[in-house]
Structures are given as structure tokens and as C-alpha cells.
Amino acid sequence: MSILVTGGAGFIGANFVLDWLTQHDESVVNLDKLTYAGNLESLVSLENDERHIFVRGDIGDVALVDKLLKEHGPRAVINFAAESHVDRSIHGPGEFIQTNIVGTFHLLESVRAYWDALEGEAKQRFRFLHVSTDEVYGSLTQDAPAFSETNRYEPNSPYSASKAASDHLVRAYHQTYGLPVLTTNCSNNYGPYQFPEKLIPLIIHNALSGKPLPIYGDGQQVRDWLYVKDHCSAIRRVLESGRVGETYNVGGKNEKANLDVAYTLCDILDELASPSARQLALTSYRSLIIFVRDRPGHDRRYAIDASKLESELGWKPQETFASGVRKTVMWYLGNQNWVANVTSGAYRDWLDRQYRT
Ligand code: NAD
Ligand code: DAU
């Protein structure tokens with residue numbers, strides 16, 4: 001048996017594939033377009049593992065996806081593939097519409113045709129799991145209750161609007177065609193292999209390079225942080241036992257203001273970074289923090305109520321913010337080559353050579 005994972009060379013997808021293969025013998029077909037956010041180096045430990053079959057391609061390439069489904073006969077498709085960075089969606093929404101909406105639509109069409117042709121046990125067992133975000137619910141006021149699965153969709157950025165649209169398509173394919181879908185809506189992830197355009201790896205990377213640590217607006221926007229491995233365990237749990245057609249919110253009950261996140265990272269770096277890195281900062285890494293122009297349409301607060309997932313499926317996160325963020329800083333300190341490769345363009349040059357047709 002196998003599963004098909006899309007976007008498995010990105011941050012969460014790569015963590016998912018790595019974790020999956022430590023826990024299952026089932027092989028993973030990993031379809032990823034390798035945009036700037038996809039990095040095969042994150043999967044280098046699987047280089048000689050026959051259970052990992054990497055295919056470079058687009059979820060919107062119907063012929064390719066049809067072929068992969070036919071060849072490998074997966075028992076599940078888990079859709080991580082997306083354009084995922086809010087700021088990029090503000091500068092250029094086109095790719096977000098293309099991959100997150102049109103790409104998901106094409107993927108759903110291929111999967112529907114595949115599932116229609118399955119029979120008996122294989123048809124019963126099949127699942128399409130769509131990985132989505134809490135951003136589809138919009139922004140919370142300071143005292144509002146956390147997002148539950150019944151909150152209205154009120155996306156505020158081109159990114160979250162495109163994810164909301166994809167969630168609606170997934171839902172419609174269940175309601176209309178009976179496709180056995182599951183959707184997860186998760187809060188902000190952090191951990192190993194996150195591209196240093198997102199807040200936590202950006203702060204770590206800039207601090208170690210002695211560069212300013214940019215905080216948007218007043219830095220009091222709140223995010224609910226979840227260690228990526230806990231997100232992966234939630235997805236495995238939902239895939240295993242989630243009720244078909246349902247959505248599950250995933251979150252870590254770790255609401256933090258951005259400025260406090262930056263302070264925490266600086267304090268850990270003050271303690272752990274090597275003297276040469278430390279010399280870059282004057283006294284503390286905190287002195288590198290600067291306030292910059294706010295993100296347009298910036299959501300003020302996200303918070304997730306994950307009680308459905310906890311009570312129905314018995315999922316609980318393993319990491320607190322304190323333990324997860326320390327692990328994350330240590331990972332980045334120990335993996336500076338990975339960071340250098342994804343930020344230098346050397347990796348892109350390698351890809352062009354490797355995949356030249
Ligand atoms: P990422 O940007 O790190 O990775 C996305 C991956 O998808 C990359 O490997 C990229 O190459 C691939 N990809 C992009 N377009 C593709 C296409 N058309 N066909 C095939 N592959 C394509 O993103 P991430 O942070 O790992 O997020 C993964 C998923 O989880 C996304 O759907 C995102 O919306 C969702 N999510 C992310 C977070 C978070 O905090 N990062 C939280 C909740 C939900
Ligand atoms: O909530 C889940 C979402 O979390 C995912 O769906 C997205 O894919 C993921 O990118 C993330 O979105 P955010 O916009 O919340 O994450 P980001 O790391 O970009 O920003 C976190 C907060 O930090 C946000 O309030 C903006 C702020 N920020 C970000 C950057 C990059 C700064 O203050 N300075 C920065 O330089």
C-alpha cells in the first residue's frame with residue numbers, strides 16, 4: 001500500500017514524509033513542483049529509501065496525476081501543496097489562485113475519477129485529506145473565543161481567500177460526488193525545515209547574520225503556535241480515524257504576540273549561539289529588533305479551539321511553545337548549511353542542472 005503526498009518537499013510536507021516513514025512501512029509518492037519553497041535537501045535522509053518515490057510536478061497537471069494514481073494505487077491522497085506565504089500573496093496573488101484554487105480543483109478531478117473506478121474495500125478505505133489553515137476564519141478580537149469548526153469563513157488576504165476557496169471545493173466534492181474527504185485547519189506551525197521567509201526562521205536567520213529583526217506594526221498581533229511534528233501527528237490521526245466529510249481544527253493553545261516571540265527567540269539565541277555569532281549583536285539579539293511598516297490587511301489575532309480533534313480522536317500536542325521553540329533554534333543552529341543553501345540560490349542552480357531536460 002502507499003499514500004500520495006503533494007507538496008512533500010515543503011516545510012510541513014517534508015516533516016510529514018519523514019515522520020511517516022519512521023512510523024509506517026507504507027511507501028510515499030511525493031509529488032512536488034519544487035517552487036522556491038520546495039527543497040529536496042530536507043529529504044536527503046531518504047535518498048536510498050525505496051519507500052520514498054519523489055516526482056517533480058504540478059498538482060494541476062492532470063495527465064501526470066492520473067498516471068501516478070494509476071501506477072501507485074494509493075489508499076490516500078494528502079494535499080499539502082500550496083503557495084503558503086501571506087506577504088507573497090499580497091505582492092502577487094496570481095500563483096496563489098493558480099495553485100491553491102485551480103490546482104486543487106484539477107487534483108480533485110483526478111482523484112474523483114480514480115476513486116470512482118475503485119471497488120470494494122479499496123473504495124471504502126480511500127481518503128482525500130486536505131491540509132488547510134486557520135486563516136480562512138479571518139481575524140479575532142482580543143477577547144473573542146478561539147476559532148471552532150463552525151466559525152464563518154472570513155478570509156482577509158489573497159492567500160487565505162485562496163485556501164478558503166480550496167476548502168469549499170473539497171467540501172463540494174464530498175457533498176456532490178461523495179468523495180471521502182477530510183479537512184484540517186491548523187494554526188501557525190514552526191520547527192525544522194521552515195523556509196526563512198516566515199517569522200520564526202526569519203528572526204533566527206537574521207539574528208545569526210547580524211541583520212535587523214523586522215516586526216510589522218506594533219508587534220502585538222497574536223498567533224497560536226504549534227510545533228510542526230504535532231501538526232503531522234494530528235494529520236495522521238485524522239487520516240486514521242477522522243469522520244468522512246468532517247473538518248478538524250488543529251492548534252497548540254500557544255497564543256503569543258509577535259514581539260514576545262521575537263524576544264523569546266533572542267533570549268534563546270543569547271544563551272545558545274556561538275561567541276562569533278553573538279559578537280554580531282551588541283549586547284543581546286533583542287537590540288536588533290526594529291519596527292517596520294505593517295502588513296496590509298494584517299489579521300490581529302488567531303486562536304484555535306482544537307477540542308473536537310482532542311475529544312473525538314484523542315489527539316494532543318506533545319510540545320509546549322517553550323520546548324518546541326528551543327528545539328527549533330537548536331535545529332537551525334545545527335543546520336546552517338541547509339539555511340545557506342535555501343537562501344543562496346545555489347540550490348536553485350543545482351535543481352536546474354539536476355532536472356534539465
Ligand atoms: P511551503 O510553502 O513550505 O511548502 C509548499 C510546498 O508545495 C513546496 O514544496 C512547493 O514546492 C509545493 N508546491 C507549490 N505549488 C505546487 C504545485 N502547484 N504542485 C505541486 N507542489 C507545489 O508550505 P507549508 O508551510 O509546508 O504549508 C503546507 C500546507 O499547509 C499548505 O497547504 C498551507 O496552506 C498549510 N498550512 C500551513 C501552515 C503553516 O504555518 N506553515 C499552517 C496551517 C496550514
Ligand atoms: O495561521 C496559519 C498560517 O500561518 C499559515 O496558513 C500560513 O501558510 C503561514 O505562513 C502562517 O501565516 P502568518 O502570516 O501568520 O505567518 P508569518 O510567519 O508570515 O507571520 C507571523 C506573524 O509575524 C504575522 O503576524 C506577521 C508577523 N511578521 C512576519 C514576518 C515575516 C512580522 O512581524 N515580521 C516579519 O518579518
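## A tour of salt bridges and the ligand 2 site

Start by selecting D19, which counts as buried at 11% relative accessibility. Keep in mind as you look around that this is a predicted model.

Next, add K229, which forms a salt bridge with D19, with the closest N and O atoms 3.0 Å apart. K229 sits in helix α8 (residues 228-241) and D19 in helix α1 (residues 11-23), so this pair ties together parts that are 210 residues apart in sequence. K229 is partly exposed, at 26% relative accessibility.

Now move to E95 and K33, another salt bridge, whose closest N and O atoms are 3.8 Å apart. E95 belongs to helix α4 (residues 94-117), while K33 lies in the loop between β2 (27-32) and β3 (52-56), so parts 62 residues apart in sequence are tied together here. Both ends are partly exposed: E95 has a relative accessible area of 41%, and K33 has 35%.

For a group rather than a pair, select R243, E246, K308 and E312, which are linked in a network of salt bridges. The structure holds 23 salt bridges in total.

Finally, center on ligand 2 and show the 23 residues around it; T133, D134, Y159, R295 and H298 come nearest. Look for these contacts to oxygen atoms of the ligand:

- T133: a polar side-chain atom at 2.7 Å
- Y216: a backbone N or O atom at 2.8 Å
- N258: a polar side-chain atom at 2.8 Å

The protein covers 94% of the 690 Å² of accessible area that ligand 2 has on its own. Color β8 last: this strand gives the most to the shell around ligand 2, with 3 residues.

Key:
Residues are numbered from 1 along each chain as its sequence is written. Chains are lettered from A and ligands numbered from 1 in the order in which they are written. This is a predicted model: local features need pLDDT of at least 70, side-chain atom pairs count only at pLDDT 80 or more; totals for chains, interfaces and linings use all residues. Side-chain values use heavy atoms; hydrogens and water are left out. A residue is near a molecule or strand if one of its heavy atoms lies within 4 Å of it. A polar contact is a pair of N or O atoms within 3.5 Å; within protein, one must be able to donate a hydrogen and the other to accept it, and residues adjacent in sequence count only if both atoms are side-chain atoms. Accessible areas come from the Shrake-Rupley method with a 1.4 Å probe; for residues, only the protein chains shown count as cover. Helices (H or I, at least four residues) and strands (E, at least two) are DSSP runs, numbered from the N terminus. A salt bridge is a side-chain nitrogen of Lys or Arg within 4 Å of a carboxyl oxygen of Asp or Glu. Buried means under 20% relative accessible area, exposed over 50%, partly exposed in between (1.4 Å probe, protein chains only).
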